[in-house]
Amino acid sequence: FLDFSRKDNGKIESIHYEQLDLASELEKLVDLYKYMAEEKGIQIDLKIDDRLPSIIVSDKIKVTRIVLNLLTNAINHTKPGKKVDLSVQWSDNGWELMVSNEGEAINEEDIGKLFLAFDEIGQLDKEKRLGLGLPITKQLVDALGGRISASSEQGKSTIFKVAFPPA
């Protein structure tokens, strides 16, 4: 929430680039969230591209927040017995995180609203949410020079892709 209000006030948190073992960090985050997912009867699968360098350069705290926001969202919108996939791909153009979940699809007209603050879209369980997780995630991605997109297909999955240029 503080990240969001700082951005609205024109104060963007500084970037702290450092060497990061992305594969190891993703494994730790999946281990952390595995228990929350298992309590809901959800499985988390992690796939790491063999071409991913052992060390990349990025802001560890911001990357962690991005992954945690997307994982939390995916788990919250996945029904018991289904799964969440987290993957990272590497290419000459940089690296891409992808989080997908098997759950109710997001309407095409709502996809464009996902990254707007305080918008409550498709409340599956009618639970009130602040609607800040995805806008904050987008701001973090933008701060790191990346792009975020979402797609959803009825009866299949919702996919969030985050692409970053090589550092």
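**Figure 1. The loop that holds S157 in the predicted model.** Strands are DSSP runs of E of at least two residues, and they are numbered from the N terminus. In this predicted model, S157 lies in the loop between strand 6 and strand 7, the latter covering residues 158–164. When its neighbours within four places in sequence are left aside, S157 is in contact with N101, S151 and S152. The C-alpha atoms of S157 and V99 are separated by 10.0 Å, although these two residues stand 58 residues apart along the chain.

**Figure 2. The open sheet and its edges.** Five strands make up an open sheet with mixed pairing, and their order across the sheet is 2-4-5-7-6. Strand 2 (43–48) and strand 6 (147–152) stand at the edges and have a single partner strand each, so one side of each of these strands is left without a neighbour in the sheet. From one strand to the next, the twist averages 15°.

**Figure 3. Pairing on the two sides of strand 4.** Strand 4 pairs with strand 2 in the parallel sense, over six bridges, and in this pairing L46 has L86 of strand 4 as its bridge partner. Strand 4 (residues 83–91) and strand 5 (residues 94–101) run antiparallel, joined by eight bridges. The connection from strand 4 to strand 5 is a hairpin that passes through two residues. Across the antiparallel pairing, Q89 stands opposite E96 in strand 5, while V84 stands opposite N101 in strand 5; N101 is also one of the residues in contact with S157.

**Figure 4. Helix 2 across the sheet.** Helix 2 lies across three strands, namely strand 2, strand 4 and strand 5, and runs at about 170° to strand 2.

**Figure 5. The second largest cavity and its lining.** A search of the whole structure finds two cavities of 30 Å³ or more, and the second largest cavity holds about 40 Å³ of space. Its lining consists of L20, L22, E25, L26, L29, K60, V63 and T64. Helix 2 (22–39) and helix 3 (60–76) are the elements that give two or more residues to this lining, and helix 2 gives the most, with four residues. Sorted by class, the lining of the second largest cavity has five nonpolar residues, one polar residue and two charged residues.

**Figure 6. Confidence along the chain.** The pLDDT averages 86 over the chain, and 84% of the residues score at least 70. Residues 1–6 have a pLDDT below 50, and this stretch has 16 contacts in the model beyond near neighbours in sequence. The pLDDT is also below 50 over residues 122–130, a stretch that has eight contacts in the model beyond near neighbours in sequence. Where pLDDT is low, the predicted coordinates should not be read in detail.

Note on methods: Residues numbered from 1 in each chain as written. Predicted model: local features only at pLDDT ≥ 70, side-chain atom pairs only at ≥ 80, totals over all residues. Heavy atoms only, no water. 1 Å grid on protein atoms, 1.4 Å probe; cavity = no way out; pocket = protein on both sides within 12 Å on 5 of 7 lines; lining within 4 Å. Points joined across faces, edges and corners; volume = space filled by probe spheres on them. Nonpolar A, V, L, I, M, F, W, Y, C, P; charged D, E, K, R; others polar. Pairing = 2+ DSSP bridges. Axes fitted to C-alpha atoms, helices over the stretch in contact; angles between N-to-C directions. Contact = heavy atoms within 4.5 Å. pLDDT = per-residue confidence, 0-100.
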